[in-house]
Amino acid sequence: ERSAAVEGSRFAPIDDVAVHHTLVHVDQLIPDEEATAGSAAPLLFHFNHGFGANALTWDWLMRPLVQELSGMTSLTLLAHDRVGFGLTSRPKALHCYTPAFNARLGLRLIDQLQRDEAPCVLVGHSLGASLSARMAVLSEGCSGGARALVLLAPALLATGGAAPASAAQLRPS
């Protein structure tokens, strides 16, 4: 699996899971001496992919976004493959595939990789939107907390994440 990784791909060990991720820091593209004296505060963007996708889904957006926000000298963009997708390892323990485990895994990855205590902007697409929302709720573990939540074509269940027992549960009271 690791041979399929692309440039910029990395692996971080968290709870016996090798978490595949891509990471871009602003200084990889914009030297610090080019930053303006009045630069904005540090910020971390974390991207969660949808069902059937992986962290590389966000590659087309991450580098241009860094260039667009180049006035921030401490900007980090991070995307990871949730357990069961992409190049992240596939543990045998079934609890590793739950939304709760994956949300905690994402927050622990942020804490492990960020360089300063920057607040997070959590971005999720489709099924990744529900993961981002869950991460926002739990974001006290994220050093700077969640500053914003961006949901793109979210696949969210109104039942709090549990599948409804019947269609009647989906109707408003």
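A residue is called buried here when its relative accessible area is under 20%. I begin with that cut-off because the residue I shall visit first, A79, has a relative accessible area of 0% and is therefore buried. Please keep in mind throughout that the model before us is predicted.

Let me first set out the overall plan of the chain. The protein chain contains three helices and six strands. Taken in sequence order, these elements give the pattern β-β-β-α-β-α-β-α-β. The chain has 173 residues, and 40% of them are buried. Its accessible surface amounts to about 9,000 Å², with 56% of that belonging to carbon and sulfur atoms. Among contacts in the chain with a separation of 6 or more, 74% join residues that lie 24 or more positions apart.

I turn now to the sheet. In what order do the six strands stand in the open sheet? The order is 1-2-4-3-5-6, and the pairing is mixed. Strand 1, residues 9-14, and strand 6, residues 146-152, are at the edges; each has a single partner strand, so one side of each has no neighbour in the sheet. On average, neighbouring strands of this sheet are turned by 25° against each other, with direction ignored.

Two of the pairings deserve a closer look. Strand 1 and strand 2 are antiparallel and are joined over six bridges. Within this part of the sheet, A12 is placed opposite V19 of strand 2. Strand 2, residues 17-25, also pairs with strand 4, residues 75-80, again in the antiparallel sense, over five bridges. There T22 has A79 of strand 4 as its bridge partner.

That brings us back to A79, which sits in strand 4. Which residues does A79 contact, once its neighbours within four places in sequence are set aside? They are H20, H21, T22, F47, A55, W58 and M62. For M62, the distance to A79 is 8.9 Å from C-alpha to C-alpha, with their positions 17 residues apart in sequence. Another of these contacts, H20, belongs to strand 2. Is H20 buried or exposed? Its relative accessibility is 1%, so H20 counts as buried. H20 and A55 are 35 residues apart in sequence, yet their C-alpha atoms are 7.9 Å apart in space.

Next, the helices that lie across the strands. Helix 2, residues 99-113, lies across strand 1, strand 2, strand 3, strand 4 and strand 5, and it runs at about 110° to strand 1. Helix 3, residues 127-137, lies across strand 3, strand 5 and strand 6, at about 155° to strand 5.

Helix 2 leads us to a charged pair. How many salt bridges does a search of the whole structure find? The search finds one. In this salt bridge R108 is joined to D15, and the closest N and O atoms are 2.6 Å apart. The pair links distant parts of the chain: R108 is in helix 2, D15 is in the loop between strand 1 and strand 2, and the two are 93 residues apart. R108 is partly exposed, at 41% relative accessibility, and D15 is likewise partly exposed, at 43%.

The loop that holds D15 has a further feature, in its backbone. Most residues other than glycine have a negative phi. In the hairpin of strand 1 and strand 2, which has two residues between the strands, D15 takes a positive phi near 50°. D16, in the loop between strand 1 and strand 2, also has a positive phi, of about 65°, although it is not a glycine. D16 is exposed, with a relative accessible area of 79%. Elsewhere, S126 has a positive phi near 55° and is placed in the loop between strand 5 and helix 3. At 21% relative accessibility, S126 counts as partly exposed.

I close at the surface, with one patch. Which residues form this nonpolar patch? L149, L151 and L156 do, with about 230 Å² of accessible area together. Of these, L151 lies in strand 6, and it is partly exposed, with a relative accessible area of 31%. Strand 6 is also one of the edge strands described earlier. Thank you for your attention.

How values were computed. Residues numbered from 1 in each chain as written. Predicted model: local features only at pLDDT ≥ 70, side-chain atom pairs only at ≥ 80, totals over all residues. Heavy atoms only, no water. Pairing = 2+ DSSP bridges. Helix = DSSP H or I, 4+ residues; strand = E, 2+ residues; numbered from the N terminus. Axes fitted to C-alpha atoms, helices over the stretch in contact; angles between N-to-C directions. Contact = heavy atoms within 4.5 Å. Patch = residues over 30% accessible without salt bridge, like charges linked within 9 Å, V, L, I, M, F, W, Y side chains within 5 Å. Areas by Shrake-Rupley, 256 points an atom, 1.4 Å probe, with all protein chains shown as cover. Salt bridge = Lys/Arg side-chain N within 4 Å of Asp/Glu carboxyl O. Buried < 20%, exposed > 50% of the residue type's maximum accessible area, 1.4 Å probe, protein only.
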